[in-house]
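This report describes one protein chain, going from single residues to the core and the largest pocket. Please keep the sequence and the structure in view while reading.

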Amino acid sequence: MSSNSKEAILAAARRTAQAHGYNGLNFRDLAAEVGIKAASIYHHFPSKADLGAAVAKRYWQDTAAGLEALLAESSDPASALHQYPETFRKALASDNRICLCSFMAAESDDLPDAVRKEVRTFADVNVVWLGKVLSAAAIVAPQESERRARAIFAAIAGAQLMARSRSDISLYDAIVDSYRAAGLLPA
């Protein structure tokens, strides 16, 4: 099996998990989507837990890289913070999916330990990035940055969940605007 097959499996698993969570991952369905035999998936991922952990790890790694790029490409830290909700909006704009790790976090009690670890790392990556950027933008004192970062992360994930449940991306936008009006996010 080539690395192209592995990447195709990861991409298909990501799309599936964003729409159906960890419990929606099914080797037979993924194989059909990728165009390979179900048994071929086991070459790269010996178990569903291995696949779930790999998908969640890749997701947080891609997110971390995306957040760092967002900061590097922004004119200043406050501008990067203003754009942060867009990272979650993209999933909604893609067939009403949600953040893979938010979906899996809701399944936390049923996740294998390796998957749960990667899902928690996603939240940690977001909170650390937000805290760093909040401090750099001088929006909060450094000792308050983690607390505020957790609030922002939870609020954005919650807005995404509400919008998905109604298949209404405009609801997400309205909620984010209300966060800005209330001062949770910079305007």
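Leu 171 lies in helix H9. In this predicted model, Leu 171 is in contact with Met 162, Ala 163 and Arg 166, once its neighbours within four places in sequence are left aside. Its C-alpha atom is separated by 22 Å from that of Ala 105, which is 66 residues away along the chain.

Further C-alpha separations can be read alongside that one. The table lists them by residue pair.

| Residue pair | Separation in sequence | C-alpha to C-alpha distance |
|---|---|---|
| Leu 171 and Ala 105 | 66 residues | 22 Å |
| Ala 151 and Ala 56 | 95 residues | 22 Å |
| Ala 32 and Ala 12 | 20 residues | 10.0 Å |
| Arg 120 and Ser 108 | twelve residues | 9.5 Å |

Some residues in the table can also be placed by element and by accessibility. Ala 32 belongs to helix H2 and, because its relative accessible area of 63% is over 50%, it is exposed. Arg 120 belongs to helix H7; its relative accessibility is 53%, so it too counts as exposed. Ala 151 is part of helix H8. With 33% relative accessibility, Ala 151 falls between the cut-offs of 20% and 50% and therefore counts as partly exposed.

**Gln 160 in helix H8**

Is Gln 160 buried or exposed? Its relative accessibility is 1%, which is under the 20% limit, so Gln 160 counts as buried. The residue sits in helix H8, which covers residues 145–165. What does its side chain reach at 2.7 Å? The partner is the backbone oxygen of Phe 88. Beyond its neighbours within four places in sequence, Gln 160 is in contact with Phe 88, Ala 91, Leu 92, Arg 97, Ile 98, Cys 99, Ser 102 and Tyr 172. Phe 88 therefore appears both as a contact of Gln 160 and, through its backbone oxygen, as the polar partner of the Gln 160 side chain, the 2.7 Å distance being within the 3.5 Å cut-off.

**The nonpolar core**

The largest nonpolar core has 55 residues. Leu 51, Tyr 84, Met 104 and Ile 156 have the most contacts inside this core. Two or more residues each come from helices H1 (3–20), H2 (27–34), H4 (48–73), H5 (77–93), H6 (100–106), H7 (113–136), H8 and H9 (169–182). Which element gives the most to this core? It is H7, with nine residues.

Ile 156 can be followed further. Not counting residues up to four places away in sequence, Ile 156 touches Tyr 84, Pro 85, Phe 88, Tyr 172, Val 176, Tyr 179 and Leu 185. One of these, Tyr 84, is itself named among the core residues with the most contacts. Phe 88 and Tyr 172 are touched by Ile 156 and are also in contact with Gln 160.

**The largest pocket**

The largest pocket has a volume of about 410 Å³. It is lined by 20 residues, and those closest to its centre are Arg 14, Tyr 59, Thr 63, Thr 87 and Lys 90. H1, H4, H5 and H7 are the elements that give two or more residues to the lining. By class, the lining is made up of seven nonpolar, seven polar and six charged residues. H1, H4, H5 and H7 also appear in the list of elements that give two or more residues to the largest nonpolar core.

**Positive phi angles in two loops**

Most residues other than glycine have a negative phi. Which residues here have a positive value without being glycine? Ala 138 has a phi near 60°, and Ser 167 has one of about 50°. Ala 138 is placed in the loop between H7 and H8, whereas Ser 167 is placed in the loop between H8 and H9. The relative accessible area of Ala 138 is 64%, so this residue is exposed. Ser 167 counts as exposed because its relative accessibility is 59%, over the 50% limit.

Note on methods: Residues numbered from 1 in each chain as written. Predicted model: local features only at pLDDT ≥ 70, side-chain atom pairs only at ≥ 80, totals over all residues. Heavy atoms only, no water. Helix = DSSP H or I, 4+ residues; strand = E, 2+ residues; numbered from the N terminus. Buried < 20%, exposed > 50% of the residue type's maximum accessible area, 1.4 Å probe, protein only. Polar contact = N/O pair within 3.5 Å; in protein donor to acceptor, adjacent residues only side chain to side chain. Contact = heavy atoms within 4.5 Å. Core = buried A, V, L, I, M, F, W, Y, C linked by side-chain atoms within 4.5 Å. 1 Å grid on protein atoms, 1.4 Å probe; cavity = no way out; pocket = protein on both sides within 12 Å on 5 of 7 lines; lining within 4 Å. Points joined across faces, edges and corners; volume = space filled by probe spheres on them. Nonpolar A, V, L, I, M, F, W, Y, C, P; charged D, E, K, R; others polar.
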